[in-house]
2 protein chains.
Amino acid sequence: MIIGDVAERTGLPAKTIRYYEDIGLITPLRGDNGYRRFRESDVHKLAFLGRARGLGFSIEECRDLLALWEDRARASADVRAIAEEHLRQIGVKIAELSAMKETLSELVHACHGDHRPDCPILNDLAGGRGPLVCGDQATSLEGVVGFTHPA
Amino acid sequence: MIIGDVAERTGLPAKTIRYYEDIGLITPLRGDNGYRRFRESDVHKLAFLGRARGLGFSIEECRDLLALWEDRARASADVRAIAEEHLRQIGVKIAELSAMKETLSELVHACHGDHRPDCPILNDLAGGRGPLVCGDQATSLEGVVGFTHPA
DNA sequence: CTTGACCTTCCTGTGACTGGAAGGACTATG
DNA sequence: CATAGTCCTTCCAGTCACAGGAAGGTCAAG
């Protein structure tokens with residue numbers, strides 16, 4: 001089975017499959033022509049990775065999960081610990097996004113959205129003051145959540 | 001005002017401020033010693049950027065918002081359009097994360113999480129099949145031992 | 001004069017790929 | 001057999017929004 005077939009079967013782009021080999025998640029064989037030759041076990045690993053990535057697990061988490069998957073003697077607690085930590089991170093992100101949504105939603109609602117220049121959204125971003133009306137101020141960005149932006 | 005003061009006042013790291021100059025979001029002056037010299041207007045722009053980034057706007061969205069902020073004749077509708085689009089994207093992201101959370105939460109609850117190896121989480125990621133009980137083997141024995149984790 | 005804190009530029013690395021160029025391999029057709 | 005087209009290979013660069021660090025200049029205090 002060559003990479004194109006595997007891509008079709010797993011739904012993963014060929015580029016991604018090569019990348020997963022690069023970083024050591026899979027180790028397909030090679031044919032005499034230099035083409036990668038995938039066993040069924042490789043395809044299953046890739047399908048596993050596709051699902052885990054689809055649930056938002058990072059590559060490193062996937063690596064751990066894959067190792068646990070291959071370890072017949074693993075404790076399910078180890079798997080659950082990874083999943084719970086990931087679940088917690090998802091919760092944090094949802095909370096951050098919800099806070100953003102709330103604030104932004106209020107601002108959008110307050111903005112009449114017509115041809116006139118007055119805009120509560122910009123006023124808020126400017127710190128509650130009008131545009132370019134520069135006086136002294138002590139900015140308070142202390143409370144801003146350090147949000148890592150999604151892809 | 002030099003970069004350290006600005007960093008303290010805005011809460012933005014000096015690295016970030018330099019980066020914002022690099023990509024043309026701000027254009028501070030320069031002193032005789034080569035140090036950046038920030039006007040109040042620069043500080044206000046940076047505070048604006050900090051808040052906009054805190055609400056999850058991308059750099060390019062920030063660039064647009066900044067341009068609108070400086071345009072006294074802008075229509076508030078233009079600002080609202082950007083905000084609404086961003087709001088929509090946030091909603092999509094929240095929906096995706098919520099779906100992940102839901103699925104993962106079910107799996108975590110189904111997993112007893114003890115020393116035993118049986119794990120619904122891995123079973124699900126494996127596609128409903130058990131671990132490594134995948135049918136065939138390679139026609140060649142070469143590489144069967146495979147799958148060594150690189151550093 | 002030395003120390004140490006600050007500033008400068010430049011280069012590299014991050015995560016998880018994606019796009020593209022250059023070139024070899026395979027398949028089908030004339 | 002030649003050729004066209006599609007697949008495969010490797011390698012390099014780019015993405016986004018910075019962060020880390022090296023090498024070196026500047027400034028105020030002791």
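**A tour of the protein–DNA and chain A–chain B surfaces**

Select Arg18(A) first: a polar side-chain atom of this residue lies 3.1 Å from a phosphate oxygen of DNA strand D. The model is predicted, with local features requiring pLDDT of at least 70 and side-chain atom pairs pLDDT 80 or more, while totals for chains, interfaces and linings use all residues. Residues are numbered from 1 along each chain as its sequence is written, chains are lettered from A and ligands numbered from 1 in the order in which they are written, and side-chain values use heavy atoms, without hydrogens and water.

Next, select Arg36(A), where a side-chain N or O atom is 2.6 Å from a phosphate oxygen of strand D. On chain B, Asn33(B) places a polar side-chain atom 3.3 Å from a phosphate oxygen of that strand.

Now display the 19 residues around DNA strand D (each with a heavy atom within 4 Å of the strand). Those that come nearest are Gly4(A), Arg36(A), Lys15(B), Thr16(B) and Tyr20(B). Of the strand D atoms within 4 Å of the protein, sugar and phosphate account for 69%. Colour α2(B), which gives the most to this surface, with four residues (helices are DSSP runs of H or I, at least four residues, numbered from the N terminus).

Finally, turn to chains A and B. Here 77 residues of chain A are in contact with 73 residues of chain B (heavy atoms within 4.5 Å). The buried area is about 6,900 Å², of which carbon and sulfur atoms give 68%; this is the accessible area, with a 1.4 Å probe, that the two parts lose on being put together, summed over both.

Key:
A polar contact is a pair of N or O atoms within 3.5 Å; within protein, one must be able to donate a hydrogen and the other to accept it, and residues adjacent in sequence count only if both atoms are side-chain atoms. Helices (H or I, at least four residues) and strands (E, at least two) are DSSP runs, numbered from the N terminus.
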